[in-house]
Structures are given as C-alpha cells and as structure tokens.
Amino acid sequence: KNKGYGTDTDNNLYNVTVLWDFTSNTPPSLPKEIFNDKNGNKVSLKDFGGKTLYVTFWATWCGPCLGEKPELEKLKKQYEDNEDVIFIDISLDSNVEFWKTYLSKNEHSGIQLITGNEAKTRSNYQFSGIPYHIIVDSKGNYKEIQSPYFIDKEFLNNQDELTEYINTPYKVFKTIKANEKDTIIRVR
C-alpha cells in the first residue's frame with residue numbers, strides 16, 4: 001500500500017493506476033481474427049454466429065492441454081447430435097506440419113484450427129497460459145470458462161443461462177469487522 005492510496009466511502013479507488021477493470025458490464029465480443037484449418041482454409045469464429053461455441057486454445061507441446069483432451073472429447077461426444085453447440089480447438093503451435101501430424105495420429109472431434117500468430121491470438125483473447133477455454137453465446141459475446149472437468153453443462157443446453165453467465169460481471173468482495181468478526185461483503 002502506497003501513501004495516498006485507498007478507497008472513498010463509495011469504494012471507488014483513488015491515487016491508483018487501473019491495469020484491469022473487471023467492473024464493466026459489457027462482455028467482450030469475438031475479435032476479427034482469422035485462423036486456418038488443416039487444409040489451409042481461412043476460418044473466423046464469427047462464421048459460426050447464432051451458435052454456442054466452446055473454444056479451447058491449446059498446443060501439441062502443452063502437457064496439461066494433452067492431459068485434458070480425453071475429458072474434452074467426452075464432452076464433445078455428449079453434444080455431437082446438438083447442432084447448436086460447436087466445439088473448436090485452436091492450436092498455438094508454430095509448426096503447422098507438426099500440428100497436422102499430431103492430428104493425423106490422434107482422433108479429435110470438433111473443428112480443428114491453428115493460429116498463424118500466437119502472440120496476436122493471446123492478445124486478442126487476453127490469456128497467457130494454456131489450456132484456455134472460452135464459451136461464446138449466439139451473439140458472439142464470450143467469457144472464460146472452466147476446463148471440461150468443471151463446466152456447468154446448463155450453459156451448453158440453455159442459451160439464456162449462457163447469456164446471463166457471460167453478462168454477469170466479476171464480483172468484488174471486501175472484509176469488514178461486524179460484531180467483532182471478520183465478515184465478507186460484496187462491494188460490486
């Protein structure tokens with residue numbers, strides 16, 4: 001805590017530089033980024049408008065990514081007959097031929113894409129570590145989501161639940177003393 005830093009009576013910060021503001025009520029929408037499929041065709045996530053997308057960013061060199069692939073495939077299998085839910089895996093591999101070889105040796109359902117610029121993709125979708133998952137509603141708005149181990153399947157089954165999840169801002173809490181006990185209250 002630096003001298004002069006703090007919050008006022010309305011819990012607004014003062015004398016600070018805000019690096020990330022999680023209080024915005026506007027969810028991010030899909031960036032205009034183009035990916036490539038195995039055949040070199042250009043694909044944009046916006047091409048799938050009106051559908052629910054479960055997007056996984058991964059790489060063939062990422063141990064945790066490969067470790068969760070079986071669980072992701074189980075989830076994909078559960079929704080293979082639902083044409084309103086599309087699973088898209090986007091590789092961050094820099095070696096396209098290595099990625100293609102991996103895909104030819106390993107059966108993966110869903111749409112398989114690769115980015116041509118890892119740094120741009122990480123910047124556009126605001127993530128650093130992988131595997132990284134987002135869920136996209138029919139309007140093209142998205143939010144980070146837990147791994148396939150912990151997903152609330154209601155988001156894939158119910159567009160209204162998904163949109164509510166995406167539009168819910170992050171919650172901010174603080175601890176106060178109440179009756180000589182620490183109590184956590186919601187601020188925003």
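**A buried disulfide, a central strand and two cores**

Cys62 and Cys65 are both buried. In this predicted model, the two cysteines are joined by a disulfide, with an S to S distance of 2.4 Å. The link between Cys62 and Cys65 is right-handed, with 75° about the S-S bond. The disulfide count for the structure comes to one.

Strand β5 offers a good place to begin reading the fold. This strand covers residues 52–58, and because seven of its seven residues are buried, β5 is largely enclosed by the rest of the structure. Its side chains are divided between two directions: Thr52, Tyr54, Thr56 and Trp58 point one way, while Leu53, Val55 and Phe57 point the other way. Residues on either side of the strand are buried.

Two neighbouring strands pair with β5. Strand β6, residues 85–91, runs parallel to β5 and is joined to it by seven bridges. Within this pairing, Ile88 of β6 stands opposite Val55. Between β5 and β6 the chain passes through helix α1 (residues 63–78), giving a β-α-β crossover that is right-handed. The other neighbour is strand β8, residues 132–136, which is antiparallel to β5 and connected to it by five bridges. Here Tyr54 has Ile135 of β8 as its bridge partner.

The nonpolar interior can be followed outward from the same strand. The largest nonpolar core contains 28 residues, and those with the most contacts inside it are Leu45, Leu53, Val55, Phe57, Ile88, Tyr125 and Ile130. At least two residues of this core come from each of β5, β6, α2, β7 (111–114) and β8. The largest share, four residues, is supplied by β5. Leu53, Val55 and Phe57, which point to one side of β5, are thus found again among the residues with the most contacts in this core. Tyr125 is another member of that group. Leaving aside neighbours within four places in sequence, Tyr125 is in contact with Leu30, Pro31, Glu33, Phe35, Leu45, Phe57, Tyr132, Ile134 and Tyr142. A separate core of 13 residues lies apart from the largest one, and its members include Tyr54, Leu72, Leu162 and Ile166. Tyr54 belongs to the set of β5 residues pointing the opposite way from Leu53, Val55 and Phe57.

Phe155 gives a view of the contacts made by a residue later in the chain. Phe155 sits in helix α4 (residues 154–157) and has a relative accessible area of 11%, so this residue counts as buried. Beyond residues up to four places away in sequence, Phe155 touches Thr52, Ile135, Ile145, Glu161, Leu162 and Tyr165. Among these contacts, Thr52 is a residue of β5 and Ile135 is a residue of β8. Phe155 and Ile166 are 11 residues apart along the chain, with their C-alpha atoms separated by 9.7 Å.

Charged side chains add a further set of links. Side chains of opposite charge can pair when their charged atoms come close. The structure has a count of eight salt bridges. One of them joins Asp84 to Lys51, with the closest N and O atoms 3.6 Å apart. This pair links distant parts of the chain, 33 residues apart: Asp84 lies in the loop between α1 and β6, and Lys51 in the loop between β4 (42–44) and β5. Both partners are partly exposed, Asp84 with a relative accessible area of 42% and Lys51 with 24%.

Other salt bridges involve residues close in numbering. Glu97 pairs with Lys100, the closest N and O atoms being 3.8 Å apart. Because Glu97 and Lys100 are three residues apart in helix α2 (residues 96–105), about one helical turn separates them. Lys100 is partly exposed, at 29% relative accessibility. Glu80 and Lys77 also meet through their side chains, at 3.2 Å from N to O, and Lys77 counts as exposed at 54% relative accessibility. In addition, a network of salt bridges links Lys69, Glu73, Lys76 and Asp89.

Finally, Lys139 lies in the loop between β8 and β9 (142–144) and is exposed, with 61% relative accessibility. Although Lys139 and Leu30 are 109 residues apart in sequence, their C-alpha atoms are 9.4 Å apart in space. Leu30 is also one of the residues in contact with Tyr125.

Terms used:
Residues are numbered from 1 along each chain as its sequence is written. This is a predicted model: local features need pLDDT of at least 70, side-chain atom pairs count only at pLDDT 80 or more; totals for chains, interfaces and linings use all residues. Side-chain values use heavy atoms; hydrogens and water are left out. Buried means under 20% relative accessible area, exposed over 50%, partly exposed in between (1.4 Å probe, protein chains only). Two strands pair if DSSP finds at least two bridges between them. A crossover is right-handed if, with the strands pointing away from the viewer, the path from the first strand over the helix to the second runs clockwise. A salt bridge is a side-chain nitrogen of Lys or Arg within 4 Å of a carboxyl oxygen of Asp or Glu. A nonpolar core is a set of buried Ala, Val, Leu, Ile, Met, Phe, Trp, Tyr and Cys residues joined through side-chain atoms within 4.5 Å. Contact means heavy atoms within 4.5 Å. A disulfide is a pair of cysteine sulfur atoms within 2.5 Å.
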